[in-house]
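Me: Please take a close look at one part of this model. I would like the sheet and the charged pairs around it.

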Amino acid sequence: MVEEEPLVVVQFACQQLKCTRDKFGNVMDGSPNSIQKVFYFWGLQQESQPVVLPDGRVLPPRFVIKDMMWQ
């Protein structure tokens, strides 16, 4: 519970690479061949109020990311 509201923590893993290139395609940082496994943790909390659109339609409260970290 955070701020008296339930907090859902989601963990997932993905493979990603860290490679920064300049406008000419040259590698400036990292490597295009170094694939790393990364774990993400998201803390999701549902908003307390619904969203009212300009046309009057009401959307149910949505989940928003309150906290995120990676490892």
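Reply: Here is the sheet, followed by the salt bridges.

This is a predicted model, where local features need pLDDT of at least 70, side-chain atom pairs count only at pLDDT 80 or more, and totals for chains, interfaces and linings use all residues. Residues are numbered from 1 along each chain as its sequence is written, and side-chain values use heavy atoms, with hydrogens and water left out.

Three strands make an open antiparallel sheet, ordered S1-S2-S5. Strands are DSSP runs of E, at least two residues, numbered from the N terminus. Two of them pair if DSSP finds at least two bridges between them. S1 (8–21) and S5 (63–70) are the edge strands, each pairing on one side only.

S1 and S2 (residues 27–46) are joined by 13 bridges. Cys-19 has Gly-30 in S2 as its bridge partner. Arg-21 stands opposite Val-27. Five residues separate S1 and S2 in this hairpin, and Gly-25 in the turn has a positive phi of about 90 degrees.

The whole structure holds three salt bridges (a side-chain nitrogen of Lys or Arg within 4 Å of a carboxyl oxygen of Asp or Glu). One pairs Lys-18 with Asp-29, closest N and O atoms 3.6 Å apart. Lys-18 lies in strand S1 and Asp-29 in strand S2, eleven residues apart. Lys-18 is exposed at 53% relative accessible area; Asp-29 is partly exposed at 38%. Buried means under 20%, exposed over 50%, partly exposed in between (1.4 Å probe, protein chains only).

Glu-47 and Arg-62 also meet in a salt bridge, 3.1 Å from N to O. Asp-55 pairs with Arg-57 at 2.9 Å.

Terms used. Helix = DSSP H or I, 4+ residues; strand = E, 2+ residues; numbered from the N terminus.
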